[in-house]
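Subject: Structure for your review

Dear colleague,

Please find below the structure that I am handing over to you. I would be grateful if you could look through it with the following notes at hand.

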Amino acid sequence: MSFAQEAVQLEYPVHGPGFTDNEIQELLSLLRPPSPSQNSGSSGSNQEVCSIDERRRRRMLSNRESARRSRWRKKRHFEDLTQQLNLLEIVNRELKNRLGSILNQSHVLWRENDRLMLESMALKARLSDLCRALVAVNAMQKSQ
């Protein structure tokens, strides 16, 4: 059994996404050794036309396969970017939530700080009043 015959028998297990049955048959025909009827032609131009057609067909298959691979890479890249976008949106949402929480906390602390500043000013004023009262009491006791 030759290599080409093995390949024909393995056609369906080897059949991958993106290839039609005709494309697989064309690819397999490239692996088959040329038949004696193709080599026995006496006309050189006939062989030349066949080889040009064969090269054109091979190039067409190669281009088709290249385009298929390119589409697959593009699809994978798009899927990767979509996944990255989803992850970044989640991170962004979490950061926005954290920022909101921190801003609320900051607002609470600013209010507490303002309250403490007012309380401090009131206590300083009271202390100042008490000091003046103490000085006045001491001055009265000395004068007596």
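The notes below describe what was found, beginning with the whole chain and ending with individual side chains.

Please bear in mind from the outset that this is a predicted model. The mean pLDDT of the protein chain is 82, and 76% of its residues reach a score of at least 70. Where is the confidence lowest, and where is it highest? The lowest mean, 44, belongs to helix H1 (residues 3-9), while the highest, 93, belongs to H5. Residues 1-16 have a pLDDT below 50, and in the model this stretch makes 17 contacts beyond near neighbours in sequence.

Overall architecture

The protein chain contains five helices and zero strands. If you follow the sequence from start to end, you will meet the pattern α-α-α-α-α. One of these elements is helix H5, which covers residues 44-143.

How many of the 144 residues count as buried? The share is 6%. The protein chain has an accessible surface of about 12,700 Å², and carbon and sulfur atoms account for 60% of that area. As for contacts between residues at least 6 apart in sequence, 55% of them connect residues that are at least 24 apart.

Salt bridges

In total, ten salt bridges were counted. Three of them are described here, and I suggest that you locate each in the structure.

The first to look at pairs Arg 57 with Glu 54, whose closest N and O atoms lie 2.7 Å apart. Why are these two residues separated by about one helical turn? The reason is that Arg 57 and Glu 54 are three residues apart in helix H5. Are the two partners buried or exposed? Arg 57 has a relative accessibility of 26% and therefore counts as partly exposed. Glu 54, at 23%, also counts as partly exposed. The cut-off explains this result, because a residue must be under 20% to be called buried and over 50% to be called exposed.

Glu 54 also forms a salt bridge with Arg 58, with an N to O distance of 3.5 Å. Arg 58 and Glu 54 are four residues apart in helix H5, which is about one turn of the helix. The relative accessible area of Arg 58 is 44%, so this residue is partly exposed.

Further along helix H5, the side chains of Glu 119 and Arg 115 form another salt bridge, with N and O 3.1 Å apart. Here too the partners are four residues apart in helix H5, or about one turn. Glu 119 is partly exposed at 38% relative accessible area, and Arg 115 is partly exposed at 41% relative accessibility.

Which residues are joined into one network by salt bridges that share partners? They are Glu 54, Arg 57 and Arg 58.

Yours sincerely,
A colleague

Terms used
Residues are numbered from 1 along each chain as its sequence is written. This is a predicted model: local features need pLDDT of at least 70, side-chain atom pairs count only at pLDDT 80 or more; totals for chains, interfaces and linings use all residues. Side-chain values use heavy atoms; hydrogens and water are left out. Buried means under 20% relative accessible area, exposed over 50%, partly exposed in between (1.4 Å probe, protein chains only). Contact means heavy atoms within 4.5 Å. Accessible areas come from the Shrake-Rupley method with a 1.4 Å probe; for residues, only the protein chains shown count as cover. A salt bridge is a side-chain nitrogen of Lys or Arg within 4 Å of a carboxyl oxygen of Asp or Glu. pLDDT is the predictor's confidence in each residue, from 0 to 100.
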